[in-house]
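I set out to record what I looked up in this structure, entry by entry. I begin with the pocket and then turn to the cores, the overall build and the confidence.

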Amino acid sequence: MGAKAKKALIKKQKKTSFSGKKESYDFLPLEGGPGKEIREEEVYVKNTDTVVYIGRIPHGFYEEQMEAFFKQFGAIKRLKIARNKKTGNSKHYGFIEFESPEVAKIVADCMHNYLLFEHMLQVHLVPSDRVHPKLWFGANRQFQPAKTREIERKKHNKERTIEQHRHLVEGILKRDQKRRKRLADAGIDYECPDFVGGIPCAPKKIKFDED
């Protein structure tokens with residue numbers, strides 16, 4: 001750097017210091033002076049979320065169909081659809097766990113608001129800290145609905161005490177009186193059959209066969 005260039009640079013620096021303005025340079029000066037501002041690098045956070053929530057699942061799109069459809073994106077580790085414990089019907093939402101977090105991110109981005117059988121799928125990534133420890137209980141196995149007939153049969157055939165039977169009959173008579181009152185208020189002339197014997201002292205059981 002020549003003497004003239006050096007004097008011009010010092011003169012320019014003094015002017016900027018008096019004016020109070022900062023100027024950015026595209027080079028680093030050899031002998032001090034303001035240099036180019038270096039920005040801090042953004043910290044990259046690696047994605048580790050592998051669980052995807054799927055809502056508004058249409059009827060007929062169950063475990064087998066979901067696995068066959070979503071495995072085109074990547075390997076599936078676990079899959080579960082929320083079902084009713086008594087009937088076994090789908091609650092129209094479920095979860096899928098992929099082996100790769102990149103695949104889960106792609107599925108959440110591509111399949112959100114995807115139209116399937118007139119249903120707009122709602123697909124979102126589930127953060128790792130929000131996954132419930134009991135979420136995958138019963139996953140990857142065929143759902144066995146409750147045997148309602150067997151449950152009702154046992155409930156009807158169970159042994160009852162005289163007090164329990166009396167309470168049962170009282171409830172039947174009370175409902176019958178309400179029914180008669182509603183018919184009378186509606187102006188319907190109907191003769192309801194009476195209960196023979198009123199409230200019995202001992203229960204008379206009728207058992208249903210298992211077949």
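**Entry 1: The largest pocket**

I looked up the volume of the largest pocket and found about 790 Å³ of space in it. I note at once that this is a predicted model. I then asked which residues lie closest to the centre of the pocket. Of the 27 residues that line the largest pocket, these are Glu63, Ile81, Gly138, Arg141 and Phe143.

Next I looked up the elements behind the lining. Helix H2 (63-70), strand E2 (76-83) and strand E3 (90-98) each supply at least two residues. E2 gives the most, with 8 residues. I also recorded the character of the lining: 11 residues are nonpolar, 5 are polar and 11 are charged.

**Entry 2: The nonpolar cores**

I turned to the largest nonpolar core, which has 18 residues. Which of them touch the most other members? I found Ile54, Met66, Phe70, Phe98, Val107 and Val123. Strand E1 (51-55), H2, E2, E3 and helix H3 (101-111) each supply at least two residues of this core. The most come from H3, which gives 5 residues. I noted a second, separate core of 6 residues, and among its members are Val51, Val126, Trp136 and Ala139.

As background, I wrote down that nonpolar side chains tend to be buried together in soluble globular proteins.

I then followed one core residue, Phe98, through its contacts. Leaving aside residues up to four places away in sequence, Phe98 touches Thr50, Val52, Phe70, Gly74, Ala75, Ile76, Lys77, Val103, Ala104 and Val107. Of these, Phe70 and Val107 also appear in my list of core residues that touch the most other members.

**Entry 3: The overall build**

How many helices and strands does the protein have? I counted 5 helices and 6 strands. From the N terminus on, I read their order as α-β-α-β-β-α-β-β-β-α-α.

I looked up burial for the whole protein: 21% of its 211 residues count as buried. I also looked up how far apart in sequence the contacting residues are. Among contacts between residues at least 6 apart, 62% join residues at least 24 apart.

**Entry 4: Confidence**

I checked the pLDDT last. The protein averages 80, and 74% of the residues score at least 70. Over residues 199-204 the pLDDT is below 50, and this stretch has 11 contacts in the model beyond near neighbours in sequence. I reminded myself that predicted coordinates should not be read in detail where pLDDT is low.

Definitions and conventions
Residues are numbered from 1 along each chain as its sequence is written. Side-chain values use heavy atoms; hydrogens and water are left out. On a 1 Å grid over the protein atoms alone, a cavity is a set of points where a 1.4 Å probe fits but cannot get out, and a pocket is an open set with protein on both sides within 12 Å along at least five of seven lines; lining residues have an atom within 4 Å of a point. Grid points are joined across faces, edges and corners, and a volume is the space filled by probe spheres set on the points. Helices (H or I, at least four residues) and strands (E, at least two) are DSSP runs, numbered from the N terminus. Ala, Val, Leu, Ile, Met, Phe, Trp, Tyr, Cys and Pro count as nonpolar, Asp, Glu, Lys and Arg as charged, and the others, Gly among them, as polar. A nonpolar core is a set of buried Ala, Val, Leu, Ile, Met, Phe, Trp, Tyr and Cys residues joined through side-chain atoms within 4.5 Å. Buried means under 20% relative accessible area, exposed over 50%, partly exposed in between (1.4 Å probe, protein chains only). Contact means heavy atoms within 4.5 Å. pLDDT is the predictor's confidence in each residue, from 0 to 100.
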